[in-house]
Amino acid sequence: MPLHTIPTESCPAPPPGSRGIDEILAEARTRLRRLDPEQAHLAHRGGALMVDIRPAAQRAAHGTVPGARAIERNVLEWRLDPRCPARLTEAVDYDLPVLVICQEGYTSSLAAAALQDIGLHRATDVVGGFVAWRLAGLPALGPALSHHTPPLAPPVTAGRTPH
């Protein structure tokens, strides 16, 4: 996520055939049946594998979903691909329902689409991520949201919010 905004007119012309992150995110989400936090909670309770892809420092600072499996984004596909020798014991077949959660629901969409690319056709993500999970009052372990914490702004997009 950008920490500051750079005016579009100062950006270089993109190479032919390239796509911006807004386009990539939108395309990824067309393939997902994204779940709101309440739906995700019910699916997780019903046996879906909840995977938290946030870095350890972010989980420590903000909390976690009880029962979620922490698999950082940089190793996600290797841990969940049933054909990979580095897979987790849960990654036994391609019908595994996987719910990916990140902090705000952006990276998780890209990660869930990548899991679909390796054949996990039931992979999806949680709309709004862990922030929305916490705001919905769902079970969480670790630091609680502060009433003085300002709302998190989405990444700067081309005039639209990609939720």
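In what order do the four strands of the open sheet stand? The points below take up that question first and then move outward from the sheet.

1. The model is a predicted one, and the open sheet in it has the strand order β2-β1-β3-β4, with parallel pairing. The strands β2 (69-70) and β4 stand at the edges with a single partner strand each, so one side of each is left without a neighbour in the sheet.

2. As to the chain as a whole, there are six helices and four strands, and from the N terminus on the elements run α-α-β-α-β-α-β-α-β-α. Of the 163 residues in the chain, 40% are buried. Among the contacts in the chain with a separation of 6 or more, 68% come from residues 24 or more positions apart.

3. The pairing can be followed strand by strand, beginning with β1 (residues 49-52), which pairs with β2 in the parallel sense over two bridges; here Val51 stands opposite Arg69 in β2. On to β3, four bridges join β1 to this strand, again in parallel, and Asp52 stands opposite Ile101 in β3. Two bridges then join β3 to β4, which also run parallel, with Leu99 standing opposite Thr124 in β4.

4. The side chains of β3 (98-101) deserve a separate look, for Val98 and Val100 point one way from the strand while Leu99 and Ile101 point the other way, and all of these are buried. Two of these residues have already been named in the pairing: Ile101 is opposite Asp52, and Leu99 is opposite Thr124.

5. Helix α5 (residues 107-117) lies across β3 and β4, and runs at about 150° to β3. Why can α5 be called largely enclosed by the rest of the structure? The reason is that eight of its eleven residues are buried, each being under the 20% relative accessible area that the term requires. The buried residues of α5 are Ser108, Ser109, Ala111, Ala112, Ala113, Ala114, Leu115 and Gln116, and they pack against α1 (21-30), α4 (76-80), β3 and β4. After the helix comes Gly119, whose phi is positive, near 110°.

6. A second glycine worth checking is Gly128, which is found in the loop between β4 (124-125) and α6 (129-135). Gly128 is buried, with a relative accessible area of 10%. In sequence Gly128 and Pro37 are 91 residues apart, yet in space they are 7.8 Å apart, C-alpha to C-alpha.

7. In α6 (129-135), the ring of Phe130 has the charged end of Arg54 sitting over it, 4.4 Å from the ring centre. Pairs between aromatic rings are another matter, since the structure holds zero of them.

8. How many disulfides does a search of the whole structure find? The search finds zero, and the surroundings of two cysteines may be set beside that result. Cys11 counts as partly exposed, at 43% relative accessibility, whereas Cys84 is buried, with a relative accessible area of 12%.

Note on methods:
Residues are numbered from 1 along each chain as its sequence is written. This is a predicted model: local features need pLDDT of at least 70, side-chain atom pairs count only at pLDDT 80 or more; totals for chains, interfaces and linings use all residues. Side-chain values use heavy atoms; hydrogens and water are left out. Buried means under 20% relative accessible area, exposed over 50%, partly exposed in between (1.4 Å probe, protein chains only). A disulfide is a pair of cysteine sulfur atoms within 2.5 Å. Two strands pair if DSSP finds at least two bridges between them. Contact means heavy atoms within 4.5 Å. Axes are lines fitted to C-alpha atoms, for helices over the stretch in contact, and angles run from 0 to 180 degrees between N-to-C directions. Rings of Phe, Tyr and Trp (its six-membered ring) pair if their centres lie within 6.5 Å; planes under 30 degrees apart count as stacked, over 60 as edge-to-face and the rest as tilted. A charge sits over a ring if NZ of Lys or CZ of Arg is within 6 Å of the ring centre and within 35 degrees of the ring normal.
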